[in-house]
Amino acid sequence: MSTEDESLELHKRLRGKIRIESKVPIQDRRDLSLVYTPGVGAVSSAIAADPALAWQLTGRGNTVAVISDGSAVLGLGDIGPAAALPVMEGKCALFKEFAAIDAVPIVIGVRAVEDIVAVVKALAPSFGAINLEDISAPRCFEIEERLKQELDIPVMHDDQHGTAVVVLAGLLNAAAVAGRDLADMSITVNGVGAAGTAIVRLIRSAAPSARIRAVDSRGIIAEARADLSPEKLRLIADGSIDGSEGGSLQDSLYGSDVCIGVSKGNLLSGEDIARMNPSPIIFALANPVPEIMPDKALAAGAMIVATGRSDFPNQINNVLAYPGIFRGVLDIRAGAITEEMKLAAARALAGVVR
């Protein structure tokens, strides 16, 4: 069978990938009285007197909500909440496998920013952290910012920050292999949605003097353009990108040492790679079809090529980052995931490879 057919058969046979199990065997009346009534009343009373005890007496401190509205599912787009559920279950399985975190998939049938914020805030008392997933831009930016301000537990939109951490880790090591200083590089980021915006900001934090240009479907993000969203304007205003000159994607590649693609498949050609500085670094991360296939990029002179695909070498995959980030913030009872944490995670991940 193909991978697709085999996966369908697996999900049909198992009826999903995850389940909830009791930590305590319930074999007799005493067991029942301890895990439920009457014994559990003492636990609830203790928490009512001191709400902080919920972190010790329940599973909250090791439980993450994986929340999506199904509006921007990787490789599939806006497929809705029910169709997004298998993806969220998969995310939860990875949390468990790689970080021993109990994650709960929650797909929601609302789309307005206010409604999503209200739903997540209402659910928050059950969880130690919130992982937002596959919510389309630009709503995802406002939703995350609102929740970070209004909740006292960590909130992270993994499509943004998990991607950015792994990309920065890969870029740090690619620069080392190439014998270059990231701070001196000229970088083009093609795609300015959730992932592209976060990638730009994290690279800027790691390399304040690097030249970074961002490109969307209409060309380079530049001050002269009248069609920019507030988030794109902020990238210029806060110095995250060089917005002094406009032009096309091809224009941005002239003089670039790095091209990071988080856009769509088959967008780059060998001629585009040849426009770049000698021996460029190409991260073609569109999935399932990258912006350029690795063999074509290498034939055009690329020194290092990465994709988002597991069947090619140098895969850049969020699972390298987000389980560990959430494991860390849960262990220390952090109230938020900060820029410093993301930079530390990227550097630590890069440091795994000599």
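**Strand β6, its neighbours and the cysteines**

Q: Is strand β6 mostly covered or mostly open, and how many of its residues are buried?
A: Strand β6, residues 211-216, is mostly covered, with 5 of its 6 residues buried. Keep in mind that this is a predicted model.

Q: How does β5 pair with β6, parallel or antiparallel?
A: Parallel, over 5 bridges; β5 covers residues 186-190. Within that pairing, Ile187 has Ile212 of β6 as its bridge partner.

Q: What does the chain pass through from β5 to β6, and is the crossover right-handed or left-handed?
A: The chain goes through helix α9, residues 194-206, and the β-α-β crossover is right-handed.

Q: And β7, parallel or antiparallel to β6?
A: Antiparallel, over 2 bridges, with β7 spanning residues 219-220. The link between β6 and β7 is a hairpin through 2 residues.

Q: Which residue in β7 stands opposite Val215?
A: Ile220.

Q: Switching to cysteines. How many disulfides are there in the whole structure?
A: The search of the whole structure turns up 0.

Q: Why no bond for Cys140?
A: Because the closest cysteine sulfur, in Cys92, is 19 Å from the sulfur of Cys140, which is too far for a bond. The cut-off for a disulfide is a sulfur pair within 2.5 Å.

Q: Is Cys140 buried or exposed?
A: Buried, because its relative accessibility is 2%. The limit for buried is under 20%.

Q: What about Cys259, buried or exposed?
A: Cys259 is buried too, at a relative accessible area of 1%.

How values were computed:
Residues numbered from 1 in each chain as written. Predicted model: local features only at pLDDT ≥ 70, side-chain atom pairs only at ≥ 80, totals over all residues. Heavy atoms only, no water. Buried < 20%, exposed > 50% of the residue type's maximum accessible area, 1.4 Å probe, protein only. Helix = DSSP H or I, 4+ residues; strand = E, 2+ residues; numbered from the N terminus. Pairing = 2+ DSSP bridges. Right-handed = clockwise from strand over helix to strand, strands pointing away.
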